[in-house]
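Hi,

Here is the structure I said I would pass on to you. Have a look at it first, and then read my notes below.

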Amino acid sequence: MFNLSKNYFELFGLPVDFIVDGEALAERYRELQRVVHPDRYANASNQEQRISLQQATRINEAFETLKNPVSRAQYLLSLHGIDMQAEKETTRDTAFLMEQLELREALENARQADDPQAVLDELMDRISAMIRKQVAQMAIHFEEPSSTNLQAARESVRKMQFLNKLLSEAESLEAELEDMY
């Protein structure tokens, strides 16, 4: 049985840091799930089954949070006392917002292009590069979690949310185009 009051990093035996070893995270996830999986407690008491289910749920939540850079950053911010209201917060970086409008317009126009897949590929490469840049910046912001750096990380999370949504829309269009051909 595990102490469910541990933070997600402690639960997985990882340092509290934005940079996470993906292989170590996945390996530890499998180990933890092997120990607490509800199927192992099929013949146990109702209380043991309930505890097993709670632990499996907590481990799943922790894994999903830590493997995603945006949710990991939001979780790290919450550990530092900054709770984001993800749906309500938006960036005030006007240059970034203008770039987002241009990207969105390019995505909307991709369907009518002579080679929509080529336009889409270029657009997705550009968005992916922007996401990688934001992830790299978040790692730097969390190296020394001063108030200024944490606010900068918060801003990076806001931008990542825009970029992830746009990338998801581009992937949907790509799937739609593949279905057409």
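What follows is a short tour of the domains, the helix packing and the aromatic rings.

Before anything else, please keep in mind that this is a predicted model.

Let's start with the overall layout. The domain assignment splits the protein into domain 1, covering 8–67, and domain 2, covering 94–179. If you take the C-alpha centres of domain 1 and domain 2, you'll find them 31 Å apart.

Next, the helices. Three of them are worth picking out on your screen: H4 (residues 69–79), H6 (residues 116–143) and H7 (residues 147–180). How do H6 and H7 run relative to each other, parallel or antiparallel? Their axes come within 9 Å and cross at roughly 160°. Angles over 145 degrees count as roughly antiparallel, so that is what H6 is to H7. The crossing of H6 and H7 is left-handed.

Now bring in H4. Against H6, H4 packs at about 20°, and the two axes are 11 Å apart. The cut-off for roughly parallel is an angle under 35 degrees, and H4 and H6 are therefore roughly parallel to each other. Against H7, H4 packs at about 155°, with 10 Å between the axes. That makes H4 roughly antiparallel to H7. The handedness is easy to note down: the H4 and H6 crossing is left-handed, and the crossing of H4 and H7 is left-handed too.

On to the aromatic rings. How many aromatic pairs are there? The count comes to 5. One of them is Phe-9 with Tyr-75, a tilted pair with 6.1 Å from centre to centre and 35° between the planes. Phe-9 belongs to helix H1 (residues 8–11) and Tyr-75 to H4, so this pair links distant parts of the chain, 66 residues apart. Are these two residues buried or exposed? Both Phe-9 and Tyr-75 are buried. They also have company: ring pairs join Tyr-8, Phe-9 and Tyr-75 into a cluster.

Another pair to look up is Phe-96 with Phe-162. Why is this pair called edge-to-face? The ring centres are 5.8 Å apart and the planes sit at 80°. The label needs an angle over 60, so Phe-96 and Phe-162 count as edge-to-face. Phe-96 is in helix H5 (residues 94–110) and Phe-162 is in H7, so the pair ties together parts that are 66 residues apart in sequence. The two partners do not share a burial label: Phe-96 is buried, at 6% relative accessible area, whereas Phe-162 counts as partly exposed, at 24%. The line between those labels is drawn at 20%.

There is also a charge over a ring. The charged end of Arg-72 sits over the ring of Phe-18, 4.7 Å from the ring's centre.

Last, one more residue to find in H7: Glu-169. With a relative accessible area of 28%, Glu-169 is partly exposed. Lys-159 is 10 residues away from Glu-169 along the chain, and their C-alpha atoms are separated by 16 Å.

If you'd like a way in, try finding the tilted pair of Phe-9 and Tyr-75, and then the edge-to-face pair of Phe-96 and Phe-162.

Cheers

Terms used
Residues are numbered from 1 along each chain as its sequence is written. This is a predicted model: local features need pLDDT of at least 70, side-chain atom pairs count only at pLDDT 80 or more; totals for chains, interfaces and linings use all residues. Side-chain values use heavy atoms; hydrogens and water are left out. Domain bounds come from an automatic or database domain assignment. Rings of Phe, Tyr and Trp (its six-membered ring) pair if their centres lie within 6.5 Å; planes under 30 degrees apart count as stacked, over 60 as edge-to-face and the rest as tilted. Helices (H or I, at least four residues) and strands (E, at least two) are DSSP runs, numbered from the N terminus. Buried means under 20% relative accessible area, exposed over 50%, partly exposed in between (1.4 Å probe, protein chains only). A charge sits over a ring if NZ of Lys or CZ of Arg is within 6 Å of the ring centre and within 35 degrees of the ring normal. Axes are lines fitted to C-alpha atoms, for helices over the stretch in contact, and angles run from 0 to 180 degrees between N-to-C directions. Angles under 35 degrees count as roughly parallel, over 145 as roughly antiparallel, 65 to 115 as roughly perpendicular and the rest as oblique. A crossing is left-handed if the near helix is turned anticlockwise from the far one by less than a right angle, and right-handed if clockwise.
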